[in-house]
Each structure stands twice: as C-alpha cells, then as structure tokens.
Amino acid sequence: MKNNKNDFETKCVHSGIDEYEFGSVVPPIYQTSTFKFKSAQHGAALFAGEEKGYIYTRMLNPTVEALENSIAELEGGCKGLGCASGMAAVHTVFASLTKCGDHVVCSAAVYGPTTTLLNTILKNYGVETTFVDTSDLNLVRAAVKPNTKVIYVETPGNPTLAVSDIHEISLIAHANGALMVVDNTFMSPALQRPLELGCDIVLHSLTKFLNGHADVVGGIVVVKDEETYGRCRKTLNQIGGVIDPFNSFLVHRGIKTLSLRMQKHCENAMKVAEFLESHPMIKSISYPGLKSHPQFELGLKQHKGPGGMITFELEGGFEAGQLMMNSVKLCQLAVSLGGVESLIQHPASMTHYTMGKEARLAAGISDGLVRLSVGIENAQDIISDLKGALDKVKELQTAEVEHS
Ligand SMILES: *Cc1c(COP(=O)(O)O)cnc(C)c1O
C-alpha cells in the first residue's frame with residue numbers, strides 16, 4: 001500500500017486509525033478533560049517527556065490525535081495540530097512564527113478574518129504585513145523584506161480564486177530565510193498537497209471540505225518537521241485554541257468520504273461554471289477549471305482538480321446580486337463553504353465586509369461579486385436553480401430598461 005501513489009482514497013478511509021479496545025473499528029471518543037497517572041513517577045515521566053502518554057486534553061487527547069495523524073498523513077506532513085477553528089489555526093501559526101519587529105507577506109485575496117487578524121491583533125503586537133497579489137511572482141519578490149518571516153498564501157484565494165504558484169513562492173521564501181504557509185482550505189489534500197510542492201506549513205479550516213457536512217467548526221495546522229511542530233505545539237498549548245474530542249471524531253468521520261466528495265464537487269462545479277460562463281447575465285466568472293481563468297495552466301500543474309468554489313459577477317451589480325440570492329431555492333443563502341449542500345453568498349456585504357471597501361476593491365472583490373460553493377447534489381438541479389434565479393435578474397433589468 002505504501003508504494004501505491006494513487007492510494008489517497010485508501011488513506012481517506014484508514015489514515016489515523018489504530019487498534020482500539022474491544023476491537024472498535026473507529027477511534028473511541030475520549031470525552032475526558034484529564035488522564036489518571038499510574039503513579040507519581042509515571043506522572044513525572046509524562047511531564048518530563050520521558051514516556052509517551054496523555055496528561056490533559058488541552059495538551060493532547062487520543063481522539064484528537066487520531067484526527068491529527070490522519071490529516072498529517074493525507075497532507076504528507078510530519079504532524080498535525082487540531083485547533084478549535086480555522087482562525088485558531090491561523091492565529092497559532094502567526095503566534096508561533098512571528099514576534100515584534102517581524103514582517104509578513106500575505107495574499108491580497110485571503111479569507112476576510114485572516115486580513116483582519118493581521119491588520120489588528122498582529123499589528124498591535126508589532127508585526128507588519130504587506131498584502132500583494134501572490135499570483136504575480138514579481139509582486140511577491142518586491143514585497144519581501146530582510147525581516148520577512150512568513151509568506152502566507154491562500155490558493156485558490158478567497159474569494160477571487162486567483163491561483164498562486166506554491167513551488168515558486170516557497171523558493172522565494174526560503175531564499176530569504178522565511179517560511180511559507182499555505183491555507184489549503186479551498187482545495188483539501190485530495191486536490192492539492194502544498195508540502196509536497198515545497199511549502200513548510202499547511203493549515204485548514206476543518207469546517208469546510210475536510211469535515212464536509214456543515215456541522216463542525218474546527219481547524220488544523222500540518223507541519224513538515226519536528227522542530228516546527230514543537231514551536232507550534234507549545235504556542236497552541238498556551239493560547240489554548242484546541243479542538244475537542246467530539247468534533248475531532250466528526251471530522252475524522254467526514255474525511256472517510258473526502259476523496260469521493262471532492263470528485264463530485266469538481267464534477268458539479270465544472271458543469272455549473274460552464275453553464276454560468278455561457279449565460280448572458282454573467283459579466284465575468286472565475287473558476288480555475290475554465291480555460292478563461294488567468295492561471296488555468298498553473299492550476300493543471302499544481303492541483304488535481306479545480307475544486308468546488310466559483311465566483312462570478314452579475315450584470316447589474318449589487319442589486320442584481322441581492323435579487324439572485326433572494327431567488328435561489330436549492331442553493332442556501334449562507335456563508336461558509338465546502339459542505340455537501342450548495343451555498344451562495346455575497347462577499348462585499350458578508351464575508352469580506354470587515355476588510356473595508358478600498359482594500360476589498362484592491363483585492364479584486366467588487367460589489368457585484370457572488371461566491372458559490374457547489375455541493376454534491378445533482379448538477380442539473382443546481383443549474384436549474386441558478387437559471388431560475390438568473391431569469392428573475394433578467395426580468396428586473398428588462399423592466400428597468402423599459403421604464404427608462
Ligand atoms: C473558513 C475559512 C477560514 C476560517 O475558518 P473557521 O473554521 O471559520 O475559523 C480560514 N481560511 C479559509 C480559506 C476559510 O474558508
């Protein structure tokens with residue numbers, strides 16, 4: 001099994017699974033805050049790190065560890081750190097790798113709260129960030145400073161779906177003594193494995209594709225070596241943003257179908273993207289699987305599939321966007337993404353609202369942009385739903401033209 005390069009599907013089912021008491025085939029949920037020592041000496045040996053075992057759930061818990069091992073294996077990393085949310089994972093990474101006086105280069109198109117974290121909490125701690133379009137390598141090179149410690153990339157970026165070259169950016173980072181971090185939430189390890197391309201740390205919002213069922217908030221950091229693991233684990237212990245055993249169990253269960261789900265997300269999103277691209281009410285569309293996507297070729301090299309996320313701009317801007325979202329029936333009007341159900345939202349007034357208009361426009365997030373997370377329903381049903389909503393938008397515009 002180890003030699004089979006295509007064993008990802010098998011890993012989804014079996015990674016992180018061990019032998020358990022009573023022959024349980026899935027990891028038991030160790031819903032306990034603390035663990036009994038066999039003796040004073042045993043407790044002392046655990047704290048000294050001389051023996052392996054569990055002490056306290058914030059530090060390590062068997063159910064959480066099973067999930068961490070699973071995702072570390074799927075990403076081809078050394079170890080994972082389960083976090084309470086994707087943002088807890090982002091915070092853990094920056095708190096581990098930066099200190100006052102350091103500099104960060106970050107993708108301009110990035111998860112909204114990540115921008116806010118860098119611009120507020122990290123900034124207040126004396127860490128400066130330069131936001132650039134990381135799909136342009138020259139901009140990345142120009143942004144690096146002698147004190148740059150982290151190049152942080154989201155690819156495809158949220159919500160523009162700009163694709164950045166992970167391997168080339170990792171070379172820029174390493175030449176400057178910095179580490180490269182990739183937020184791999186939009187792709188999942190089923191479609192993209194940044195550590196294999198040269199990046200140092202991968203993180204995820206488990207809330208999205210990895211869990212896949214819209215019923216858990218969680219995050220994970222996967223590192224490529226023990227040294228980085230030690231740094232991050234110490235920070236996570238102190239910050240305390242750990243995932244709990246029950247949520248770990250749910251995410252681990254979700255991962256068993258990750259490979260299947262991602263195939264279906266890609267298949268459906270491709271059909272939906274082709275439909276939207278040919279529709280007269282769509283001004284522009286961004287989907288890495290379309291030949292019209294500016295980094296289509298890079299995408300073919302870098303990821304195994306273009307994923308389930310589509311963004312598009314409607315003719316008619318903001319008003320048209322709101323009408324469309326109020327007209328869909330199957331697609332749910334909600335933020336978040338990566339679940340089995342299709343979700344639709346409006347970044348300018350929702351997920352990227354806190355960025356402010358100027359920064360939003362600079363990052364390519366216009367007022368009429370709509371973000372769609374394509375689920376695993378029947379593709380034709382999703383298309384019919386979108387078509388019905390687009391017809392309403394068209395009616396509105398025709399009426400407006402007649403009135404003017
Ligand atoms: C949702 C998301 C996050 C944050 O994750 P939470 O679990 O909501 O804290 C970070 N990055 C990306 C790309 C996301 O989509």
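Q: Let's start with one residue: is His303 buried or exposed?
A: His303 counts as buried, because its relative accessibility is 8%. On this scale, buried means under 20% relative accessible area, exposed means over 50%, and partly exposed is in between (1.4 Å probe, protein chains only). Keep in mind that you're looking at a predicted model: local features need pLDDT of at least 70, side-chain atom pairs count only at pLDDT 80 or more, and totals for chains, interfaces and linings use all residues. Residues are numbered from 1 along each chain as its sequence is written, and side-chain values use heavy atoms, with hydrogens and water left out.

Q: Where is His303 found, and which residues does His303 touch?
A: Helices (H or I, at least four residues) and strands (E, at least two) are DSSP runs numbered from the N terminus. His303 sits in the loop between α11 (296–302) and β9 (309–314). A contact means heavy atoms within 4.5 Å. Leaving aside residues up to four places away in sequence, His303 touches Val163, Met187, Leu191, Gln192 and Pro288.

Q: How is the protein chain divided into domains?
A: Domain bounds come from an automatic or database domain assignment. Here we get domain 1 (9–255) and domain 2 (258–403). Their centres, taken over C-alpha atoms, are 28 Å apart. Where the two meet, domain 1 puts in 41 residues and domain 2 puts in 40.

Q: What does the largest nonpolar core look like, and how many residues has it?
A: The general idea first: in soluble globular proteins, nonpolar side chains tend to be buried together. A nonpolar core is a set of buried Ala, Val, Leu, Ile, Met, Phe, Trp, Tyr and Cys residues joined through side-chain atoms within 4.5 Å. The largest one here has 45 residues, and Ile71, Ile151, Met180, Leu206 and Leu258 have the most contacts inside it. Helix α3 (residues 62–75) gives the largest share of this core, 5 residues. Each of the two domains supplies at least three residues to this core. There's also a second, separate core of 28 residues, with Met281, Val370, Leu386 and Leu390 among them.

Q: Which residues does Leu206 touch?
A: Setting aside residues up to four places away in sequence, the partners of Leu206 are Leu67, Ile71, Asn211, Gly218, Gly219, Ile220, Ile243 and Val251.

Q: And Tyr152: is this residue buried or exposed?
A: Tyr152 is buried, because its relative accessible area is 0%. You'll find Tyr152 in strand β4 (residues 148–154). Its contacts, beyond four places away in sequence, include Val90, Phe94, Val181, Asp183 and Leu203.

Q: What volume has the largest pocket, and which residues lie nearest its centre?
A: Pockets and cavities are both found on a 1 Å grid over the protein atoms alone: a cavity is a set of points where a 1.4 Å probe fits but cannot get out, a pocket is an open set with protein on both sides within 12 Å along at least five of seven lines, and lining residues have an atom within 4 Å of a point. Grid points are joined across faces, edges and corners, and a volume is the space filled by probe spheres set on the points. The largest pocket comes to about 510 Å³. Of its 20 lining residues, Gly53, Met59, Leu60, Tyr229 and Arg233 lie nearest the centre. Helix α8 gives the most to this lining, with 5 residues.

Q: How many cavities are there of 30 Å³ or more, and where does the second largest cavity lie?
A: The search of the whole structure turns up 2. The largest cavity has a volume of about 50 Å³, and the second largest about 30 Å³. Both domain 1 and domain 2 give residues to the lining of the second largest cavity, so this cavity lies between them. Its lining is Pro156, Leu161, Phe186, Met187, Pro288, Pro306, Gly307, Gly308 and Met309.

Q: Which peptide bond at Pro156 should I look at, and what is phi of Leu161?
A: Most residues other than glycine have a negative phi, and most peptide bonds are trans. The bond from Thr155 to Pro156 is cis, with omega near -5°, and another cis bond joins Asn158 and Pro159, with omega about 0°. Leu161 has a positive phi near 70°. Pro156, Pro159 and Leu161 are each in the loop between β4 and α7. Leu161 counts as buried, because its relative accessibility is 2%.
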